[in-house]
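Here is a briefing on the structure shown below. It goes through selected charged pairs, then the chain fold, the cores and the interface.

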Amino acid sequence: MIRLFQDAARVLGMRCDEHAQLMNRELESGLTRGERVGLWVHTRYCRGCRGLKRQLAALEAMAGSLRRAVDAEPGLPPEVRERLAVRVRTEAEK
Amino acid sequence: MLGTTPEQVEAADADEASPVPSPGPGSEVRRALVESWLRDHGDALWRYAMARTRHPETAEDLVQSTLLAAVSAASVVPTPAARVWLLGVMSHKIADHYRAQHRRPSAGAPHRTDDPDHEPADAPGQGRFTAHGMWVRAPAELPAPDARATHAEQSAALRACMEKLPPTLDQVFWLREVMGVSADQVCASLRISAANLWQRMHRARTALRECLEAGGEGGAAERGSGEHRGGEERRR
């Protein structure tokens, strides 16, 4: 509990540029509960950081759309697979 | 565990005087290995190559060169992580492909984000922030998910901006966010630290947000060399 308050207080003492870096870190490696609380409180009253949070969420959603589009693409066409099989087999045996 | 990293594959490729070290697997094993990769991971490699180049002949060349480079360097039978490792090899091949096609114009070009020392615009005291770390201009609204723009339109907008990213940023963003490779696996595959990956992702997101905010016209384009790699598709 003490750690939670310490983390939240540390985050609340940060500047907006540091909050921006913290939001990016959240997407990569996650934050502690206290850091999340501090960030949530800050974004409640900071318009700039709230806008950044929304932008990052929109970017994640777009990346998700692109991921689904790539996943839905057809795989190797049979004729390409056949050509590649012959070529890589020959090269691999060299 | 694979015995070689994608960077070592690149190094082996580049060293034409001494092609492949002999202690690797024998030709029978190599053939079986490359056939199994083509069978099990060919579709994933093809989708990745097609998504990046949108050109079937280039994609076919990339799949072939990836498989051959990988089998030349693999010293032991792969684990289930083979797909991620192969995607890592392919990401280097794709970066090489674009470097060969579009040499960056001038080393002194402003806002080059492929400079490893370049700080992102969100870094303290830079870009959108004052010297005191306050916003100069609040980030604007991007197209909201499930709003008027369809998923296809959103994908196209993002892809257009990604094509303007420098190769080092483009590579990690594709692997992490589009191909769904975990952070640990990207770090292992590209042989970079977690901090380096985090920094690259931060820079990529910053450039992409700015590009999207500018409607696909600014941001990443200014931050890279000014060349648009999507030009490959248009020229064909």
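Glu163(B) counts as buried because its relative accessibility is 10%, and the cut-off for buried is under 20%. The model is predicted. Glu163(B) forms a salt bridge with Arg54(B), and the closest N and O atoms are 1.8 Å apart. The two residues sit in separate loops of chain B, so the pair ties together parts that are 109 residues apart in sequence.

**Glu163(B) and Arg54(B)**

- Glu163(B) is found in the loop between α5 (151-162) and α6 (167-178) of chain B.
- Arg54(B) lies in the loop between α2 (27-53) and α3 (56-73) of chain B.
- Arg54(B) is partly exposed, at 28% relative accessible area, whereas Glu163(B) is buried at 10%.
- Gln64(B) gives a second reference point for Glu163(B): their C-alpha atoms are separated by 23 Å, and the residues are 99 apart along the chain.

**Glu177(B) and Arg205(B)**

- Glu177(B) and Arg205(B) form another salt bridge of chain B, with closest N and O atoms 3.1 Å apart.
- This pair links distant parts of the chain: Glu177(B) is in helix α6 and Arg205(B) in helix α8 (residues 194-213), 28 residues apart.
- Is each partner buried or exposed? Glu177(B) is buried, and Arg205(B) is buried too.

**Glu35(A) and its partners**

- Glu35(A) is found in helix α3 (residues 33-45) of chain A.
- Glu35(A) has a relative accessible area of 5%, so this residue is buried under the 20% cut-off.
- Arg10(A) meets Glu35(A) in a salt bridge, with N to O at 2.9 Å.
- Arg10(A) lies in helix α1 (residues 2-12) of chain A and Glu35(A) in helix α3, so the pair ties together parts that are 25 residues apart in sequence.
- Arg10(A) is partly exposed, with a relative accessible area of 39%, while Glu35(A) is buried at 5%.
- Arg25(A) also reaches Glu35(A): a polar contact of 2.9 Å joins their side chains.
- Beyond neighbours within four places in sequence, Glu35(A) is in contact with Asp7(A), Ala8(A), Arg10(A), Val11(A), Leu22(A) and Arg25(A).
- Which residues make up the salt-bridge network that includes Glu35(A)? Arg3(A), Asp7(A), Arg10(A), Arg25(A) and Glu35(A) are linked in this network.
- Over all chains, the count comes to 20 salt bridges.

**Chain B fold**

- Chain B has 10 helices and 0 strands.
- From the N terminus on, every element of chain B is α: the order runs α-α-α-α-α-α-α-α-α-α.
- Chain B has 236 residues, of which 53% count as buried.
- Among contacts in chain B with a separation of 6 or more, 73% come from residues 24 or more positions apart.

**Nonpolar cores**

- The largest nonpolar core has 60 residues.
- Trp37(B) and Leu158(B) have the most contacts inside that core.
- A second, separate core has 14 residues, including Val11(A), Met14(A), Cys16(A) and Ala20(A).
- Val11(A) is also one of the residues in contact with Glu35(A).

**Interface of chain A and chain B**

- How many residues of each chain are in contact with the other? Chain A gives 48 residues and chain B gives 58.
- The two chains bury about 4,800 Å² between them, with 61% of it on carbon and sulfur atoms.
- Glu28(A), Gln55(A) and Met62(A) supply 16% of the area that chain A buries against chain B, more than any other three residues.
- The rule finds 7 salt bridges across this interface.
- Glu28(A) forms a salt bridge with Arg176(B), and the closest N and O atoms are 3.2 Å apart.
- Across the interface, 17 residue pairs are in polar contact, with both residues at pLDDT 80 or more.
- On the side of chain A that touches chain B, the elements that give two or more residues are α2 (16-29), α4 (47-71) and α5 (78-93) of chain A.
- α4(A) gives the most to that side, with 21 residues.
- By residue type, the side of chain A that touches chain B divides into 23 nonpolar, 7 polar and 18 charged.

Definitions and conventions: Residues are numbered from 1 along each chain as its sequence is written. Chains are lettered from A and ligands numbered from 1 in the order in which they are written. This is a predicted model: local features need pLDDT of at least 70, side-chain atom pairs count only at pLDDT 80 or more; totals for chains, interfaces and linings use all residues. Side-chain values use heavy atoms; hydrogens and water are left out. Contact means heavy atoms within 4.5 Å. Buried area is the accessible area (1.4 Å probe) that two parts lose on being put together, summed over both. A salt bridge is a side-chain nitrogen of Lys or Arg within 4 Å of a carboxyl oxygen of Asp or Glu. A polar contact is a pair of N or O atoms within 3.5 Å; within protein, one must be able to donate a hydrogen and the other to accept it, and residues adjacent in sequence count only if both atoms are side-chain atoms. Helices (H or I, at least four residues) and strands (E, at least two) are DSSP runs, numbered from the N terminus. Ala, Val, Leu, Ile, Met, Phe, Trp, Tyr, Cys and Pro count as nonpolar, Asp, Glu, Lys and Arg as charged, and the others, Gly among them, as polar. A nonpolar core is a set of buried Ala, Val, Leu, Ile, Met, Phe, Trp, Tyr and Cys residues joined through side-chain atoms within 4.5 Å. Buried means under 20% relative accessible area, exposed over 50%, partly exposed in between (1.4 Å probe, protein chains only).
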